[in-house]
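Biologist: Please show me the chains, and then let us go through how they meet.

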4 protein chains.
Amino acid sequence: MNFASDNTSTVHPKVMEALIRANEGHAPSYGADALTEAAKARVREVLEAPEAEVHFIASGTGANALAISSLVPSWGKVFCHEGAHVLTSECGSIPFWTGGGTLVPVPGAAGKIDPDALAQALHESSRPDVHAGERSALTLTNSTEAGGVYAPAEVAALTAQARAAGLAVHMDGARFGNAVAALECTPADLTHRAGVDALSFGGTKNGAMMVEAVVIFDPARAPGLEMRRMRAGHLLSKHRFLAAQMLALLTDGLWLELAAHANAMAERLAAALAAVPGVTINVPRQANQIFATLPAEAHTRARKAGAVYHPWPRVQAEEGDLSVRMVCGWSTTPDEVDRLVATLRG
Amino acid sequence: MNFASDNTSTVHPKVMEALIRANEGHAPSYGADALTEAAKARVREVLEAPEAEVHFIASGTGANALAISSLVPSWGKVFCHEGAHVLTSECGSIPFWTGGGTLVPVPGAAGKIDPDALAQALHESSRPDVHAGERSALTLTNSTEAGGVYAPAEVAALTAQARAAGLAVHMDGARFGNAVAALECTPADLTHRAGVDALSFGGTKNGAMMVEAVVIFDPARAPGLEMRRMRAGHLLSKHRFLAAQMLALLTDGLWLELAAHANAMAERLAAALAAVPGVTINVPRQANQIFATLPAEAHTRARKAGAVYHPWPRVQAEEGDLSVRMVCGWSTTPDEVDRLVATLRG
Amino acid sequence: MNFASDNTSTVHPKVMEALIRANEGHAPSYGADALTEAAKARVREVLEAPEAEVHFIASGTGANALAISSLVPSWGKVFCHEGAHVLTSECGSIPFWTGGGTLVPVPGAAGKIDPDALAQALHESSRPDVHAGERSALTLTNSTEAGGVYAPAEVAALTAQARAAGLAVHMDGARFGNAVAALECTPADLTHRAGVDALSFGGTKNGAMMVEAVVIFDPARAPGLEMRRMRAGHLLSKHRFLAAQMLALLTDGLWLELAAHANAMAERLAAALAAVPGVTINVPRQANQIFATLPAEAHTRARKAGAVYHPWPRVQAEEGDLSVRMVCGWSTTPDEVDRLVATLRG
Amino acid sequence: MNFASDNTSTVHPKVMEALIRANEGHAPSYGADALTEAAKARVREVLEAPEAEVHFIASGTGANALAISSLVPSWGKVFCHEGAHVLTSECGSIPFWTGGGTLVPVPGAAGKIDPDALAQALHESSRPDVHAGERSALTLTNSTEAGGVYAPAEVAALTAQARAAGLAVHMDGARFGNAVAALECTPADLTHRAGVDALSFGGTKNGAMMVEAVVIFDPARAPGLEMRRMRAGHLLSKHRFLAAQMLALLTDGLWLELAAHANAMAERLAAALAAVPGVTINVPRQANQIFATLPAEAHTRARKAGAVYHPWPRVQAEEGDLSVRMVCGWSTTPDEVDRLVATLRG
């Protein structure tokens, strides 16, 4: 009964098998190998973006920082949700990687940037002089840190605002598969066709060991990206082992199958939790994360029974409640869900 | 017949098996898992450094930059060999990670810093004012980029100079195993007992998929290291899969067995090459890399026969010769070596 | 009738005379001259801080960035008012100078940080791990960007909160004289005795040509400050000409005389404005800045008559009003004030 | 008898008078004033560069760092002379301002980059991949730190090499006037007509209090320059007082008159010194600096008599000699020169 995060789970067997298959003979290092080429091609195909620049990197923080720092000047302002991972959980990666950039927090429900709040933030930043700095990019997380999902039209509306203000747009897709699976849209509709310039396409939470793809839809927008990756220490030498993971996920729709499963488990959990007396669902379920408020005794029972999940004060109903986050992953089973709910119910 | 680099080879089967074993059940993310603890303990044990701080990271450039940037102020001067990887091949990682540091190149044969040249460089940097900046660290590579090996006494002599000048000392051990295996000394004798403060302990070239350990022998010297790693995107979430690799290498002496094998293959290659008419060995063989000058027709024959190695103008006998580097790894076979030599001989 | 800012005014004649006197014979460069020593000693005397480290710098942005970047690690979080100059008007100087730091905005009336809001912001930043980064400093502006003044007890209350959370405290004193003159306290009571670690002691707005003093009350807190100043290009070579300005201001209480005059002119303006029909004073006057809402026709009349002041949407009563800022300086005359009010009155 | 540096001298009376004249009435701050416009126009006129972007800044280190960091990417390599001020005396300003750049030292006599040495350095840096980084700019100092002067043809030859390698070219003109006066060429011939993209046009050593102009001949090359200046704290608020200084120097040829005088005094000194038994001139005199080797007893006599100059081990004949630098400035008198030589002679 582990619902701590989708990064506490194992690697999917097909990814593991791909790593084993890749472990054969010599291969050029630093990404010059055939497997890397094949995986890049597959990313472009899945995204219907034949011109896109694609790079593999071992961490989500690295992917976000690499993409964003390649899009903005070193004094750039980057608008993000006030609960965005890049702001709350990446230890200042953006000011560091950019060499002086600033994240500007914008509010909104379910981790989604409110268009009016963005309009106001853009307005406040429009002063056109050297004192205020330069507004440079917008980053959206999809699915969000609070379990929300932006539909293509919502993304398009925000990117239109961004574009009108001269901003580039990045999407943090650490849980991109969960968003696509939830929406049943194409990855292209949710990204470049909706005005997104760069995507952190997450593999790790989806079932890989450690791989994310940084995708720049128009490579001319990020000319120094490869230099930035190298000096940050993110160009792995035995690079085929990153590529193999992503290729495995993107073969035969495995990535969407796993994401849909995680979403379905979360729906099962949400539905059952809602029926437990005293439990409140704090954010309507959209992807694979549940934010709920629990009665103290239910929580105690669950802990004693070995259930694992995190308190989550950031997304909560009221001060003082016991707010928690429960995350379902590719390996979550219906039985685990049912046992957790039964335990909470007592 | 692939002698391009020790990072073009596969992952050793025992490392692969360790990854497969690690892929079982949930584990806390970001390094809070039991396997990470076990691997850290094993690194401390191997280095006879029970107080050392140990962190795992997926790349050698990351390991060097993390260690060095944690040891110096942001305006620090770091002395290195003029052919050091950190200077020639890491795309400015040190000025970037430090936020303004400078690498100061120092010459010396076989990639080893010449003590007199270091003395002169330290002297030139001793001007005690704000104009010249502050000399802060020395970094040594062992075994070196030109195939040399520093013995413990050589390391101790350089670290004594460094210490007298107030510098911290880092060792780039991307090929640390090859040095230890060549010297038949203890890892402790070659590092902290010889005055080294921080070590990049390489696993990837030694037989892993992607793992290096950053070791700080006195943790008080590098207080912000974990913050620096996180914001650089180098704290992997499914962290057990880094730890498992290093633990496998350090179990039953596998790392030294593999390094000794690579060294032996290089010795076999060097000895045979020296007997080929027209071939010159440019640097006496000490570890697992050979730098040689080839007759043009021998080179052409080898290329046609499918041999892979890199031209290496940095380490060469005379202008105009065909200088090459040939690297042996854990997977190099005697047969491969013999076939290469036979082909070159014609 | 120029009320645009206290930096549009001239240099006070006594400062000008001091510059002329300083222009005699050779003097050691880069701050090694006798006038610099004398000015530093005088700053320490005025602040009753005999151990303080004092440095002169030509700009307020430079002073703030130098002081703050010397107090925090490169990933540090610095709490400031949401309208702080350092956040709104210095083009990202803090993330740039620190190499990765972040400003965290905190609300409060009259440009003063609300203690409860600070408590909440500190609480939200207390998560003790590498994801959230490290809370490192608090910066207060006194007198504030919205015309407010912190009394010593208010400063002490905030610094106590800061200290309890492990933060260093900086005071942006671009208008420090106006605060001290308004409070009729000692500079020591408003700074180190109230828990302030570093002060940007402004001279330029007070009547100088270009000089601020960076004061570190406990020099051990900012070991690299001189290196940071040099590499940022802020160690002027003919340094006596910075020192002479500050020494002139601090001789015979000139600085407080000029600040008190500016405050008095602002009081005269505020009192008269309040009596003009349709005019609202948006923030009770405490120092030398007035924030008011004007009827459109009054504004038009004033503009036509040549009055100069800035629209100031940041400090305003209600959306849509014509909010303006009017600043009095050392050279503002009662006649100017009276003519402005008469013109607005029509 | 002060020959320590041209920055230990006073401000020329005409500059002082200009400051006094500028101190009249209100003026828009941050460079929006009429005097700044006039001074910028005059710089463009003197340089015959009507399209150039011109900015004033209070220090030479600031001018160099601002210009260079605006020309290169944050991982750029900047080639400079191994004795360049930017490398030896600016405390790592380039890696700091660029956020990761590297200075690459190149040798050459009299502080002038040797074309063959530049060719070799460029060749070694031509490796076209992400490991080596990107060669981005060349910076020349004219007149040089070792007293040399590049003629227009020499500049053009080096900039042609730079251009062929894709580099931008910066000229550190802290002593630009001394070079122009020595060559009797036009400033245009020595800069943009010889392939220079950006110039640090020094005023301070020439006779100002503190002012340098950063000139970008093709503004499209340095789009973020104003942002970089602001966040570094180098946009002074009472900006007219920087502009007034430069305008005074550039009125009626004062700058060249002062530089020519300094050069003439240096020539008088060099000629007389050469006739003193035991004295060696280490670098043939070209501008306003003399590098000489003195007999110990002569040096002792001079010191006792109050002569001031610096030992200068960087530019010396042989190990162990007493190498010194003597600098003449706008205020050096023939009498001072003659007394120094008489004292040395004994």
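The questions below deal with contacts between chains, their symmetry and their cysteines.

Modeller: This is a predicted model, in which local features need pLDDT of at least 70 and side-chain atom pairs count only at pLDDT 80 or more, while totals for chains, interfaces and linings use all residues. Residues are numbered from 1 along each chain as its sequence is written, chains are lettered from A and ligands numbered from 1 in the order in which they are written, and side-chain values use heavy atoms, with hydrogens and water left out.

Biologist: What area is buried between chain B and chain A?

Modeller: Contact means heavy atoms within 4.5 Å, and by that rule 49 residues of chain B touch 49 residues of chain A. Buried area is the accessible area (1.4 Å probe) that two parts lose on being put together, summed over both. Carbon and sulfur atoms give 61% of the area here, and the total is about 4,100 Å².

Biologist: Which three residues supply 20% of the area that chain B buries against chain A?

Modeller: No other three residues supply more of that area. They are B:H26, B:F96 and B:K238.

Biologist: How many residue pairs are in polar contact between chain B and chain A?

Modeller: A salt bridge is a side-chain nitrogen of Lys or Arg within 4 Å of a carboxyl oxygen of Asp or Glu, and between chain B and chain A there are zero. A polar contact is a pair of N or O atoms within 3.5 Å; within protein, one must be able to donate a hydrogen and the other to accept it, and residues adjacent in sequence count only if both atoms are side-chain atoms. With both residues at pLDDT 80 or more, the count of pairs is 27.

Biologist: What relation do chain B and chain A have?

Modeller: Copies are superposed by least squares on the C-alpha atoms of residues with pLDDT of at least 70 in both. A turn of 180 degrees and a shift of 0.0 Å along the axis lay chain B on chain A with an RMSD of 0.0 Å. That is the relation of a two-fold axis.

Biologist: What area is buried between chain A and chain C?

Modeller: Here 18 residues from chain A meet 18 residues from chain C. The rule finds zero salt bridges across this interface, and four residue pairs are in polar contact, both at pLDDT 80 or more. Carbon and sulfur atoms give 48% of the buried area, which is about 1,200 Å².

Biologist: Which cysteine has the sulfur nearest to that of C:C80?

Modeller: A disulfide is a pair of cysteine sulfur atoms within 2.5 Å, and the structure holds zero over all chains. C:C80 is in no disulfide, and the nearest cysteine sulfur is 15 Å away, that of C:C91.
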